[in-house]
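Me: I would like to learn how to read a model of this kind with care, one feature at a time. Could we go through it together?

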Amino acid sequence: MKTWRRHTLSGYSWLMLVFLYLPIAILMLYSFNDSRINAVWSGFTWKWYLSLFENRQVMQALANSLTIGVTSSILATVLGTAASLAIKHYSLRSRTIVNGLIYLPIVIPEIMMGLALLVLFSQIHMELGKLTLILAHVTFSMPYVMVIISARLADMGKELEEAAQDLGATPWGTLRHVTLPLIMPGIVAGFLMSFTLSLDDFIISFFVAGPNSTTLPLYIYGLVKRGVSPEVNALSTLLIVSTVLLVIIAELFRRKDSKTITF
């Protein structure tokens with residue numbers, strides 16, 4: 001009976017994985033299709049990838065995504081790290097309230113956040129463009145950074161900081177030479193996660209982007225409206241591969257962070 005249950009659960013798990021990843025695998029496969037018709041396989045080719053890099057609009061969208069992603073990730077990481085360090089010293093009641101507010105942007109539907117940010121920018125008469133995109137991406141990325149770094153700070157405890165201060169270190173010296181080096185892998189993981197979220201975001205960017213600040217997801221959406229072509233498949237494949245690599249690197253840093261010190 002136990003063997004039957006084990007095989008049933010295992011088979012169900014594999015079916016769910018196939019259901020989730022088979023469409024992505026098909027999309028990536030047809031990005032190498034020599035024919036413009038996705039329903040017909042007519043041979044292997046790299047031409048759709050080569051044509052992407054010769055497309056000015058694609059390169060501009062890529063440049064926008066990288067600029068917005070790097071800038072918003074740096075800001076989100078700096079602000080998230082500072083906020084996590086501040087929350088660490090709050091009273092228990094205040095910390096609980098603040099942690100609840102941190103998780104709120106994570107659980108709120110993206111369409112609601114995008115609409116709320118659009119209303120905010122409209123009320124303060126801010127022109128939609130790269131600046132509004134950066135502010136929006138910082139808003140939804142910073143909670144993820146804070147969750148990662150707060151978890152590391154909770155595991156680290158206060159023993160090393162208190163020992164450094166007992167030995168004569170100033171609060172700034174303790175922060176610089178003890179706290180930050182210990183949580184640095186978490187900071188890097190938070191930055192990479194923030195960059196991944198920014199690179200992939202479509203819904204919030206759709207609301208707050210201006211006419212000259214099209215990102216890669218927005219450009220792909222525009223291509224899909226005109227009909228799916230192998231160029232869309234190639235661009236989507238590059239975006240998927242980049243995202244997976246960044247997530248893997250972030251996870252490696254997170255694991256390294258969790259094994260840095262044991263108490």
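**Reading the helices, the rings and the surface**

Reply: Let us begin with one segment of this predicted model: over residues 174-195 the chain is 100% helix and 0% strand, and the C-alpha atoms at its two ends are 29 Å apart.

Me: Which residues does UniProt place under "transmembrane region"?

Reply: The unreviewed UniProt entry gives that feature at residues 12-32, 66-87, 102-121, 133-154, 174-195, 202-222 and 234-253, and such annotations may be inferred rather than shown by experiment. For residues 133-154, the model has 100% helix and 0% strand, with the end C-alpha atoms 32 Å apart.

Me: What is the mean pLDDT of the chain, and which elements have the lowest and the highest mean?

Reply: As a general idea, where pLDDT is low, the predicted coordinates should not be read in detail. In this case the mean pLDDT of the chain is 82, and 90% of its residues reach 70 or more; among the elements, helix H7 (residues 159-166) has the lowest mean, 72, whereas helix H9 (residues 203-208) has the highest, 92.

Me: How many aromatic pairs are there in the whole structure, and how should their geometry be read?

Reply: The search finds nine aromatic pairs, and planes between 30 and 60 degrees apart count as tilted. One of the pairs joins Trp46 and Tyr49, whose centres are 5.9 Å apart with 55° between the planes, a tilted arrangement. Phe202 and Phe206 form another tilted pair, because their planes stand at 40°, with the ring centres 5.7 Å apart. Trp46 and Tyr49 also belong to one aromatic cluster together with Phe32 and Phe44.

Me: Are Tyr49, Phe202 and Phe206 buried or exposed?

Reply: The general idea is that a residue under 20% relative accessible area is called buried, and one over 50% exposed. Tyr49 is buried at 7%, whereas Phe202 at 25% counts as partly exposed, and Phe206 at 47% likewise counts as partly exposed.

Me: How many residues of helix H10 are buried?

Reply: Helix H10 (residues 216-225) is mostly covered, with seven of its 10 residues buried, namely Leu216, Pro217, Leu218, Tyr219, Ile220, Gly222 and Leu223.

Me: Which residues make the nonpolar surface patch?

Reply: Patches are made of residues with over 30% relative accessible area. Here Tyr12, Trp14, Met16, Leu17, Phe19, Leu20, Tyr21 and Ile24 make a nonpolar patch of about 900 Å². Leu17, for example, lies in helix H1 (residues 2-30) and is partly exposed, with a relative accessible area of 40%.

Definitions and conventions. Residues numbered from 1 in each chain as written. Predicted model: local features only at pLDDT ≥ 70, side-chain atom pairs only at ≥ 80, totals over all residues. Heavy atoms only, no water. Patch = residues over 30% accessible without salt bridge, like charges linked within 9 Å, V, L, I, M, F, W, Y side chains within 5 Å. Areas by Shrake-Rupley, 256 points an atom, 1.4 Å probe, with all protein chains shown as cover. Salt bridge = Lys/Arg side-chain N within 4 Å of Asp/Glu carboxyl O. Helix = DSSP H or I, 4+ residues; strand = E, 2+ residues; numbered from the N terminus. Buried < 20%, exposed > 50% of the residue type's maximum accessible area, 1.4 Å probe, protein only. pLDDT = per-residue confidence, 0-100. Phe/Tyr/Trp six-rings, centres within 6.5 Å; stacked < 30°, edge-to-face > 60°.
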